[in-house]
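Me: Could you take one part of this model and look at it closely with me, step by step? I am in my first year, so please explain each term when you use it.

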Amino acid sequence: MPSSSPHHCFPSRSILLPFSKPIFFCNAPILRSVSVRSQPLGSDGFGGGSNKHISLEKHSVSSASVIDFLTLCHRLKTTKRKGWINNGIKGAESIADHMYRMALMGLIASDVPGLNRERCIKIALVHDIAEAIVGDITPSDGVPKAEKSRREQAALNEMCEVLGGGMRAEEIKELWLEYENNSSLEANLVKDFDKVEMILQALEYETEHGKVLDEFFISTAGKFQTEIGKSWAAEIISRRKSLSAKRLS
């Protein structure tokens with residue numbers, strides 16, 4: 001940037017990875033004065049009074065961190081899910097597409113005793129968030145599970161630093177770890193959502209592209225943990241069998 005600018009933008013050191021372009025984050029606090037009119041009401045519903053000025057110093061600091069974080073999350077909208085790419089699907093869904101439909105599942109799922117559906121929605125929205133930095137690591141990449149988890153944990157920490165830390169960043173970490181460790185009823189259900197969304201997408205791609213995507217159904221068979229997950233998966237598999245029978249008839 002020109003040296004005359006009082007604000008400085010810098011590339012995040014951890015975001016400069018071989019497969020990506022640098023993203024520039026701005027650290028530019030703006031001083032702002034807000035005029036607040038405080039006056040008693042008159043008989044006409046208005047009134048005369050004095051203006052009180054409240055100076056909100058560095059009001060934009062937290063806003064800058066939020067926009068930096070959201071800018072980084074843009075990669076979730078543009079990064080395609082690798083399993084579909086590997087199977088030659090054109091116009092494959094993005095990571096954000098996948099997480100969004102999972103969040104909808106949390107919204108419409110039946111009530112279950114002891115289940116916090118709002119927390120399910122939150123977990124769904126953050127469970128793959130680290131892929132904004134590490135990308136979509138699939139079994140075909142040959143990365144050990146422990147190493148995949150380590151990379152994603154480091155990426156998550158970096159993203160939370162971009163957000164500026166604090167309560168919201170800690171909540172994101174907590175939700176992500178809960179899913180990673182499969183340590184609650186909500187995590188169990190969202191794990192099922194992950195698989196349900198994948199096989200539903202596989203069925204849709206089979207229908208749209210005339211492909212056979214058995215591997216996604218085989219890899220998830222018998223791995224659903226909740227009654228909701230089992231029921232939804234059974235419905236998808238039933239529809240797949242019906243479609244297959246129609247094609248053969």
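Reply: Helices (DSSP runs of H or I, at least four residues) and strands (runs of E, at least two) are numbered from the N terminus. By that numbering, E215 has its place in helix α9, which takes in residues 214-220. The model is a predicted one, in which local features need pLDDT of at least 70 and side-chain atom pairs count only at pLDDT 80 or more, while totals for chains, interfaces and linings use all residues. Residues are numbered from 1 along each chain as its sequence is written, and side-chain values use heavy atoms, with hydrogens and water left out.

On confidence, the protein averages a pLDDT (the predictor's confidence in each residue, from 0 to 100) of 83, and 76% of the residues score at least 70. Over residues 1-61, however, the pLDDT is below 50, although this stretch has 80 contacts (heavy atoms within 4.5 Å) beyond near neighbours in sequence in the model. Where pLDDT is low, the predicted coordinates should not be read in detail.

The part to look at closely is helix α8, residues 185-209, where L189 is found. L189 is buried (under 20% relative accessible area, with exposed meaning over 50% and partly exposed in between, for a 1.4 Å probe and protein chains only), since its relative accessible area is 2%. Leaving aside residues up to four places away in sequence, L189 touches L115, C120, T226 and I228. One of these partners, L115, lies 74 residues from L189 along the chain, yet their C-alpha atoms are separated by 9.2 Å.

The wider setting is the largest nonpolar core (a set of buried Ala, Val, Leu, Ile, Met, Phe, Trp, Tyr and Cys residues joined through side-chain atoms within 4.5 Å), which has 51 residues, and among the members that touch the most others are V190 and F193. Helix α8 gives the most to this core, with 9 residues. With residues up to four places away again not counted, F193 touches M102, M105, G106, A109, I228 and W232.

Of those partners, M102, M105 and G106 are among the buried residues of helix α3, which also include I95, H98, M99 and A103. They cover an arc (of the directions from the helix axis to the C-beta atoms) of only 150° around the axis, which puts them on the same side of α3. The face of α3 turned away from that buried side carries the exposed residues Y100, L107 and I108.
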